[in-house]
Amino acid sequence: MKVKLFGKRPPVTESSQAATFSRRAFLVSASQIGVATMLAGRMGYIAIAQNARYSEMAEENRVQMRLIPPRRGWIVDRYSNPIAINRGDVRIDLIPDLLQDRERVIAELAQLLQLPPEEVQRIRDDLADATGYQPVPVAEHITPEQYYAVSVRQPELPGVAPLRAFTRYYPEGAAVGHLVGYVGPPNRREYEAEDHNPLLITPGFKIGKEGMEKVLEQRLRGRPGAARIEVTARGRLVRELQTLPDQRGPALRTTIDAGLQSYAARRAGDQSVACVVIDLQSGDILCLVSMPCYDPNSFSDGISHSEWDMFSRDERHPLINKVLSGLYPPGSTCKPMHALSLLQAGISPDATVTCNRTYRVGNAIFHCDSAHGTLSMHEAVIKSCDIYFYDMGRRAGIDALTPTMHMMGFGGRYDLPFPSQRHGTVPDPAWLQRREHRAWAEYDTVNLSIGQGYFLVNPLQQAVMVSRIASGRSLQPRLLFDTPVNLGDPLPIPADRLALVRDAMDGVINSGRGTASIARLPVDGIKMAGKTGTAQVRRISMGERAGGVIQSAGLAWRMRDHSHFIAFAPVGAPRYACAALVEHGGWGATAAAPLVRDVMTYLFDKDKAMAALAPLEAQWGGNILQRMDREARAWAARPPGDTAPPVVLT
């Protein structure tokens with residue numbers, strides 16, 4: 001049987017093989033030429049068309065730009081003496097996103113820098129709250145040896161940033177704490193509030209956290225500089241190529257007299273004090289003191305949890321600006337103002353009241369500190385007779401008192417560079433109805449007439465009140481020199497009525513019959529007028545009286561009366577006004593009046609004032625810094641678990 005074959009291949013010959021090889025070689029060669037052409041074209045495109053782009057990328061890998069934190073503008077006093085300045089510093093920071101093996105790095109830094117355990121814990125806590133490249137401060141003001149020890153180990157400590165920078169410095173320390181505030185590293189909220197401004201995560205950069213430093217942040221902040229540096233592939237510094245220097249912020253000139261500010265703070269001693277002095281010719285605030293206070297140098301560096309606990313437990317409240325945020329009953333310092341209200345209401349200055357030490361209103365008995373007998377307005381102010389003002393306040397009525405209170409600045413807010421001010425309370429029937437849902441009663445007027453009850457003020461408002469009485473104008477206080485002077489319009493009070501009240505305030509100190517003879521100035525030819533005030537914190541119960549407690553001095557410190565004093569000088573041509581509060585200081589003439597006397601003496605005779613201060617500081621155990629150091633050591637040495645306040649006042 002025969003089988004038929006289909007598709008028989010032609011025989012393979014030498015010529016057919018050569019043709020097949022030639023076709024394949026051509027295809028391979030064409031492919032190679034095509035690929036080579038594409039590579040050449042791509043290389044040409046990269047080398048020519050994309051040259052600028054890739055050169056820039058290469059440059060970025062080789063060269064980095066680093067921001068240089070700007071130096072803040074100085075804060076100076078009226079005579080250009082420094083209050084807040086910048087000085088050279090060496091510091092160590094951590095950059096969280098670059099940090100590797102966190103605990104090892106922290107342990108090595110703790111050993112190199114000799115960090116105490118509480119500082120190590122603080123670093124851990126700050127790292128837990130930090131974001132990305134936000135720097136976490138490790139240590140400031142380190143020695144050159146410590147700086148070099150960290151620098152040479154930097155390749156082994158990724159995320160550690162040692163640098164030379166400028167730091168904020170406050171020459172007067174705690175004396176200006178509440179006045180200027182302090183600076184610190186920005187937190188996450190502040191970084192986000194500035195739309196992730198890279199400056200805020202630059203190592204060493206700080207922003208204002210309190211006081212003028214915070215409110216005037218944008219004004220004090222300078223313009224950052226920049227440095228172009230060459231680095232290796234691993235980010236190590238090779239060399240600095242170019243530096244654009246930063247521009248320091250403009251200086252901020254205040255109305256403060258730095259010498260007076262320091263003196264008033266030192267004169268406060270260990271007491272809890274607020275003191276304000278105003279220049280009546282311009283409204284300039286010459287000193288604004290709240291003591292005790294934190295040291296802004298320490299706060300700018302970052303304090304430990306232990307230090308924070310010490311401040312927060314101190315019953316003298318060193319973290320609160322008492323001048324603006326403390327609210328107190330003004331006590332009898334409001335009597336000159338109420339005397340003006342009575343005169344405006346038509347009550348004759350010659351009208352008399354007989355003081356037998358007690359005064360009944362309904363079922364309540366109100367007291368005076370002495371039986372003054374029969375007296376008129378002038379003597380009532382000099383002797384600070386409560387019963388005179390009880391009776392005359394009832395005659396005039398609340399509607400006659402509140403307009404003058406507002407006119408004298410109470411309940412008002414002033415245009416000053418501070419983050420917050422508490423306005424206080426000027427009570428009236430409408431306010432009481434809203435708050436207590438009851439009608440105004442006569443005993444409310446009686447309480448108000450001697451600066452008690454619902455009437456609350458801050459010490460700055462008291463200084464404004466005495467400034468307006470002394471000047472006869474609705475003066476506005478200012479703290480910055482570039483703020484326009486605003487002496488205000490003349491008060492709508494006849495000159496003879498103002499003169500009567502001023503003369504009575506003169507008698508408080510200089511007549512020999514007043515409540516503040518102790519405040520007489522030791523300066524020849526200069527007389528000061530003033531008014532004491534004792535604001536009750538709590539009433540002494542009948543049981544306490546039966547137990548022998550007659551005055552608040554027999555109570556625990558926090559239950560004692562507040563001591564107030566207001567003054568102006570010289571009497572004939574008023575130039576300065578002052579208001580002072582000593583928390584729980586007792587009678588106004590006991591604590592606040594001597595303080596104001598010495599502060600005003602400084603304005604007229606610095607040598608006498610300093611001579612009076614020296615023995616007091618020796619008695620208190622040193623200056624502010626020495627006492628603060630002693631308190632801090634005592635706090636650190638307390639037994640574990642001790643919850644008592646750091647300072648025991650007697």
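**Exercise 1.** Find the residue that follows helix 10 and state the sign of its phi.

*Solution.* Helices here are DSSP runs of H or I with at least four residues, and strands are runs of E with at least two, both numbered from the N terminus. Helix 10 covers residues 258-267. Helix 10 is followed by G269, whose phi is positive, near 65°.

The model is predicted: local features need pLDDT of at least 70, side-chain atom pairs count only at pLDDT 80 or more, and totals for chains, interfaces and linings use all residues. Residues are numbered from 1 along each chain as its sequence is written, and side-chain values use heavy atoms, with hydrogens and water left out.

**Exercise 2.** Work out which residues of helix 10 are buried and what covers them.

*Solution.* Step one is the cut-off: buried means under 20% relative accessible area, exposed over 50%, and partly exposed in between, with a 1.4 Å probe and protein chains only. Step two is the list: A258, L260, Q261, S262, Y263, A264, A265 and R267 are buried. Because eight of the 10 residues are buried, helix 10 is largely enclosed by the rest of the structure. Step three is the cover, where contact means heavy atoms within 4.5 Å. The covering elements include helix 6 (177-180), strand 11 (273-279), strand 12 (285-291), helix 23 (592-604), helix 24 and helix 25 (624-636).

**Exercise 3.** Identify the backbone nitrogen that a side-chain oxygen of D257 reaches at the start of helix 10.

*Solution.* The backbone nitrogen belongs to G259, and the side-chain oxygen of D257 comes to within 3.1 Å of it.

**Exercise 4.** Check the span of helix 24, then describe its buried residues.

*Solution.* The expected span is 1.5 Å times one less than the number of residues. For the 15 residues of helix 24 this gives 21 Å, and the end C-alpha atoms are 21 Å apart, so the two agree. The buried residues are A609, L613, E617 and W620. They pack against helix 10, helix 23 and helix 25. Just after helix 24, G621 takes a positive phi of about 100°.

**Exercise 5.** Classify E617, D391 and Q433 as buried, partly exposed or exposed, and give their contacts.

*Solution.* Contacts here leave aside neighbours within four places in sequence.

- E617 lies in helix 24 (residues 606-620). Its relative accessible area is 9%, so E617 is buried. E617 is in contact with R266, G622 and N623.
- D391 belongs to helix 16 (residues 386-396). Its relative accessible area is 17%, so D391 is buried. D391 touches V353 and Y359.
- Q433 is part of helix 18 (residues 429-436). Its relative accessibility is 40%, so Q433 is partly exposed. Q433 touches R438 and A439.

Conventions. Polar contact = N/O pair within 3.5 Å; in protein donor to acceptor, adjacent residues only side chain to side chain.
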